[in-house]
Amino acid sequence: MSKLLFRLRNVPDDEVEEVRALLSEHQIDFYETSAGNWGISMPALWVRDEAQYGHARALLDTYQAQRSERVREEYVRLKREGKHKTVLDSFRENPFAFIAYLFIVYALLYLPYKIITELSR
């Protein structure tokens with residue numbers, strides 16, 4: 001019976017590609033499910049043979065620890081060089097969306113406050 005190995009929702013494409021390559025390199029028999037047409041299904045990688053699951057899980061855990069370290073080092077390097085993404089960079093990339101998000105956050109914080117103060121009168 002198949003066993004869930006790795007959920008793919010909100011996972012960067014490069015990480016998914018690296019995990020696929022890792023599993024193929026170690027002859028782990030797996031398949032992938034997509035999010036479907038409306039994005040409501042669970043995109044994931046599944047191991048077909050439960051006997052291979054332990055080995056696949058160990059490979060994935062090692063890979064994720066190494067990736068985490070690599071990404072952390074990359075962030076530190078970019079920060080040291082002054083090339084990491086800041087809030088100001090987000091504003092410069094898309095000022096209209098940035099302002100819209102700020103307005104939404106303001107509304108989400110203000111409306112409950114306004115409702116509570118009105119109810120307490």
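So, reading along the sequence, the pattern is β-α-β-β-α-α-α. That comes to four helices and three strands, and keep in mind that we're looking at a predicted model.

How spread out is the protein next to a compact globule? The radius of gyration is 22 Å, and the globule rule would give 14 Å for 121 residues, so the protein is more spread out than a compact globule. If you put a box around the C-alpha atoms along the principal axes, you get roughly 65 × 45 × 30 Å. On burial, 18% of the 121 residues count as buried. The accessible surface is about 9400 Å², and carbon and sulfur atoms own 60% of that. As for contacts, take those with a separation of 6 or more: 58% of them are between residues 24 or more positions apart.

Okay, on to the sheet. We have three strands in an open sheet, ordered E1-E3-E2, and the pairing is antiparallel. Which strands stand at the edges? Those are E1, residues 3–7, and E2, residues 30–33; each has a single partner strand, so one side of each is left without a neighbour in the sheet. On average, neighbouring strands here are turned by 30 degrees against each other, if you ignore direction.

Let me zoom in on one pairing. E2 and E3, the latter being residues 44–47, run antiparallel and are joined by four bridges. If you want a spot to click on, Tyr 31 stands opposite Trp 46 in E3.

Now the helices around that sheet. H1, residues 13–25, lies across E1, E2 and E3, and its direction is at about 155 degrees to E2. Then there's H2, residues 50–81, which also packs on the sheet. H2 touches E1 and E3, and makes about 15 degrees with the direction of E1.

Next, the aromatics. How many aromatic pairs does a search of the whole structure find? Three of them, and I'll walk you through a couple. Take Phe 91 and Phe 98: the ring centres are 5.4 Å apart and the planes sit at 80 degrees, so this pair is edge-to-face. Phe 91 is partly exposed, at 32% relative accessible area, and Phe 98 is partly exposed as well, at 22%. For Phe 98, the cut-off for buried is under 20%, so 22% puts this residue in the partly exposed class.

Then look at Tyr 106 and Tyr 110, which form a stacked pair, with 5.6 Å centre to centre and 10 degrees between the planes. Where do they sit? Both are in helix H4, residues 95–119, four residues apart, which means about one helical turn separates them. Tyr 110 counts as partly exposed, with 33% relative accessibility.

Last bit, for anyone who likes backbone torsions. Asn 10 has a phi near 65 degrees, which is a positive value in a residue other than glycine. Where is the place of Asn 10? In the loop between E1 and H1, and Asn 10 is exposed, with a relative accessible area of 77%.

Gln 27 is another non-glycine residue with positive phi, near 55 degrees. You'll find Gln 27 in the loop between H1 and E2. Is Gln 27 buried or exposed? Exposed, with 62% relative accessible area. So that's a positive phi in the loop leading from E1 to H1, and another in the loop leading from H1 to E2.

Methods. Residues numbered from 1 in each chain as written. Predicted model: local features only at pLDDT ≥ 70, side-chain atom pairs only at ≥ 80, totals over all residues. Heavy atoms only, no water. Pairing = 2+ DSSP bridges. Helix = DSSP H or I, 4+ residues; strand = E, 2+ residues; numbered from the N terminus. Axes fitted to C-alpha atoms, helices over the stretch in contact; angles between N-to-C directions. Contact = heavy atoms within 4.5 Å. Rg over C-alpha atoms; globule rule 2.2 N^0.38 Å. Buried < 20%, exposed > 50% of the residue type's maximum accessible area, 1.4 Å probe, protein only. Areas by Shrake-Rupley, 256 points an atom, 1.4 Å probe, with all protein chains shown as cover. Phe/Tyr/Trp six-rings, centres within 6.5 Å; stacked < 30°, edge-to-face > 60°.
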